[in-house]
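Biologist: Got a minute to walk me through this one? I'd like to go element by element.

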Amino acid sequence: MPLPYFMRAADMIGERATRFEGGMRIHIKLASLLFIASTLFAQTPASAADVAQMLQQLSPEQMQQLQQLTPEQRATLMQRATPNGNQGGAVQIAPMRDLPARAVGTGRLESDVRSDSADVALSKQEVFTARNADIPVVEVSSQAGADKVEVRRSYEEFMRESKPMEVNTSNLQQYGYDLFASEPSTFAPVTDIPVPPEYVLGPGDEVKVQLYGKDNLELVLTVDREGAVSFPQIGPISVAGLDFAQAKALLAEQVKQKMIGVSASITMGKLRTIRIFALGDVYRPGSYTVSGLATLSSALFASGGVKKNGSLRNVELKRNGRRVAAIDLYDFLLRGDTSKDVRLLPGDVVFVPPIGNTVSIAGEVVRPAIYELRKESTVNDVLKLAGGLMPKAYLDKALIERVAARGEQKVINLSLLGSGGSETIRNGDVIKIFAGTEFEKNQILTIGNLKRPGKYAWEQGMHVSHLISSIDDLLPETFLEYGVIERETADTREPMVIRFKLGELLDPKARGGELDLALQPRDRLYVFKRADFRQQPMVSIEGQVQNPGKYEFKRNMRLADAVLAAGGVLRDTDLGYVEVYRTEPTSHDVKLIKVNLALALAADKVNDIQLQDLDRIIIHSIYESRERETITILGEVHKPGTYPLGQDMRVSDLVLAGGNVTERAYLKQAEITRYSVVNGQRRVSEHFPVDLTAIMNGDKNADVVLQPYDVLNIRRVANWRSAELVNIQGEVMHPGAYPIEEGETLSSLLKRVGGFTDKAYPRAAVFTRESVKAEQQKQIDELVRRMDSELAARQTTVTSLRDAALQAQQQQALEAGKRLLDKMRESQATGRVVIQLARLQQTKDSEFDVKLRNGDTLVVPKMPDEVLVVGEVYNNSAILFDTDYDSGDYLRQSGITRMADTSAIYLVRADGTVDVSGGGWFSSSIGDIEPGDTIVVPQDLERMNVLDVALDWSRVTMQLGTSLAAMKTVGILK
């Protein structure tokens, strides 16, 4: 705990008067600090800073006095500073605690105010929508629709004007028993409150006596079993049976007589406990030990409270077998009277008898409940117990439900307006107070275009002028030619409509006259907007303004007002004149009015004419009377396009307007195309060159003056192309990307890169081209589509076969075809073009000296040392090259499967070419095998009996397969 807390506590203790022992005078704050320091240091070790801060609170004189105290004196001072050590002079500081917020429910009165009746809710709805009020006549499409409207209206009236005479009694509870619903854990006020003078002392009570004067002592005297206290220097004094005031006076008198020069201060110490009994209809009857200050109600709480079948109005206190007091707990609950809550003595019995007669009251009362009767005998008495009637109670009719002598039930009508409240009640009666209807008899509603629409109270002799007395009561745009009063007919209460002219009522002379209609209760007065009965007046504006469109027409509106409302005119507006098309309101003829727009905007009254409803304003552009002259620049400029022709504009001006020429521009000569009309009959064009170089150098003679609609075309220099690159990698002296010119060949590129390295294997070089790759991929995709379609058709044929063996064979072939198709879908074109780079070195300009294109790639690998065997072999692998081996030797090492077609074995050379001259099993006639070559053993398609189109696959994708095989062999593909 922070040290300042203890310092504040010491200050509070120090406010007491100074009292010291042995003639030594020291402020009580010193003793308080001693106590605080000892307590603090005993619980938590104090730091040097804490001790220093505490000692700084003492003056030098107090520090000197503190050092002179003996241990006994310090102990005495700390005892006096202790909150439990001296009741008369100590203050116990209790820490603050936060209590949780208690939930507050909605009371019955609050519910009545917040819940509007059906009539009030309907009135609010009509008033809130008053700004858009409609004539109270409902549109129907048929007789059935009219019947529905009538049924709905009658139901609404029923809901507003009727209230069933029903009261819910299912939630009624016995009054007062919830007082004991939550048992308190302690009864602290019983021991902490001051001891009253009439408290009777008995064995076990403590009396504290403080002597001062000649002798300073503090004594704690306990009343023994014989009722006496042993007083030192005086002897035993009998105090049992005396109240506290008598005992205090007796002890003070004895001290005064027998101890000369000594005065006494007498207070109560600990109080004795007494044993009492709680019996009868309590929750936990038995014997209880309570404080000597306990009362009858304390005993009820200690025993758990009164049961529902026990009486709250006749709780008895019995002493020595006799009834000495009785308490009515309703006095507690209804009036707060505790005068009869007597204190208990040892051996007292608190007895709760059975409950007496009861009456239930429900409905529109403050506290509906079941009440126990004592002296109450009439309905008014029960109403007082229930807190009285609610404001919405219906007093004309109430009911008493009663059980007669023989057990049968009957109902008694009751009126609370007269003498019905004096009706005698009986045990078990149920009084029901009903709610009044939600029908307001004297209301008048004003609905519509009013400043304060809403509900008003009807009075005798009330007219429309009482609610609408002047134009100030209306909102703007009110329709003064028509108003409606909706009223119920007197005989059938059907709604009727009464029409009046609102404008005529605003004349003061008309008040109280024939036009000023008299109002009746529950009338509804409707006032409408002018827009509800006519189209909104407007004018339209078109042409050269910022925001053309339709605008609201207002009285005294002029031409300039409409133009400015549309955002004003544009830069190319013709201010010389403006057209206004006016529609006459009676004949609807349209006439044209022309005025000067510039003068109208300058507030000239002749030209700034007043507008009328439906006027149409058209503002023109200056280019409607003359052509907008333009010129065009095309070709190699940064901003080609059409530009306005300026006065004396030349070619150089147009070039600058177009963002100047680009680097691709041909500057020696540009071309101007000029159009002209011959004799006003036909248009002809002519083309003539201009020297753009001279113009750019400032030659005025070459810089032609342009005419309207000229077109300047700046051409591009010949043979201008964007930079094209080829990529060469592998075993060349300087691999990388190189720009090329049109017509450059592969031999010139090899010369530029410095030729091959000593590790290069030109025979296996791979040359790829993007256009070839796209075409190959297109062929692969087309073949996949054809095979997919053929497989689907063949599947249907195989399914229809009746021969099971043939069907199984064909199904197996189909599965093989599907596997082949899956492999084809995964295949990607390489774009390889077969070249013979070794022969290219010998003949520079031979047919193999390829002309390069943008994106071409050449890869020159190293010399491989293996031969690849793939296809229908047991071991698809690379075998080390041996000059003595032929194709049969390589095939024997790989092992041919039984699915292989040995008559179709072919060799893929490292340069991408295919040698299919071989044939026969393990034949050596395939050709000489060189490093990087690939031997391909195809599958026997006839044995598979798959598809005829598979032969096309083997031919079309030959180059793809051979290229992949060769590229993988020489190490280009990993």
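What follows is a set of questions and answers on this predicted model.

Biologist: Let's start with the open sheet of 5 strands: what is its strand order?

Modeller: The pairing in that sheet is mixed. At the edges sit β22 (549-552) and β24 (590-595), each pairing on one side only. From one strand to the next the twist averages 25 degrees. Reading across, the order is β22-β21-β25-β23-β24.

Biologist: And which residue of β24 stands opposite Val578?

Modeller: Look at strand β23, which covers residues 573-583. It runs antiparallel to β24, with 6 bridges joining the two. Opposite Val578, in β24, stands Val595.

Biologist: On to helix α10. Around the axis, how many degrees of arc do its buried residues cover?

Modeller: α10 takes in residues 244-258 and reaches 21 Å from first C-alpha to last, close to the 21 Å expected at 1.5 Å a residue. Its buried residues are Phe244, Ala247, Leu251, Gln254 and Val255. They sit on the same side of α10, because the arc they cover is only 100 degrees.

Biologist: Which strands are included in what covers those buried residues of α10?

Modeller: The buried set is Phe244, Ala247, Leu251, Gln254 and Val255. The cover over them includes β1 (206-213), β3 (228-231), β4 (235-238) and β5 (262-268).

Biologist: Now Arg674: does it count as buried or exposed?

Modeller: Arg674 lies in strand β28, residues 670-678. Leaving aside residues up to four places away in sequence, Arg674 touches a list that includes Val684, Phe688, Val704 and Leu706. The cut-off for buried is under 20% relative accessible area. Arg674 has 11% relative accessibility, so it counts as buried.

Biologist: Which residue's side chain makes a polar contact with the side chain of Arg674?

Modeller: Among the residues Arg674 touches are Glu686, Gln707 and Asp710. The side-chain polar contact, at 2.7 Å, is with Asp710.

Biologist: Last one, strand β40: which residues point the other way from Thr934 and Val936?

Modeller: In a regular strand, side chains alternate between the two faces of the sheet. β40 spans residues 934-937, and the residues pointing either way are all buried. Thr934 and Val936 point one way, and the other way go Ile935 and Val937.

Biologist: And which residue stands opposite Thr934 of β40?

Modeller: β40 pairs in the parallel sense with β36 (residues 866-871) over 4 bridges, and there Gly871 stands opposite Val937. With β38 (residues 906-908) β40 runs antiparallel, joined by 3 bridges. Opposite Thr934 stands Val908.

Conventions:
Residues numbered from 1 in each chain as written. Predicted model: local features only at pLDDT ≥ 70, side-chain atom pairs only at ≥ 80, totals over all residues. Heavy atoms only, no water. Pairing = 2+ DSSP bridges. Axes fitted to C-alpha atoms, helices over the stretch in contact; angles between N-to-C directions. Expected span 1.5 Å × (residues − 1). Buried < 20%, exposed > 50% of the residue type's maximum accessible area, 1.4 Å probe, protein only. Arc of directions from axis to C-beta. Contact = heavy atoms within 4.5 Å. Polar contact = N/O pair within 3.5 Å; in protein donor to acceptor, adjacent residues only side chain to side chain.
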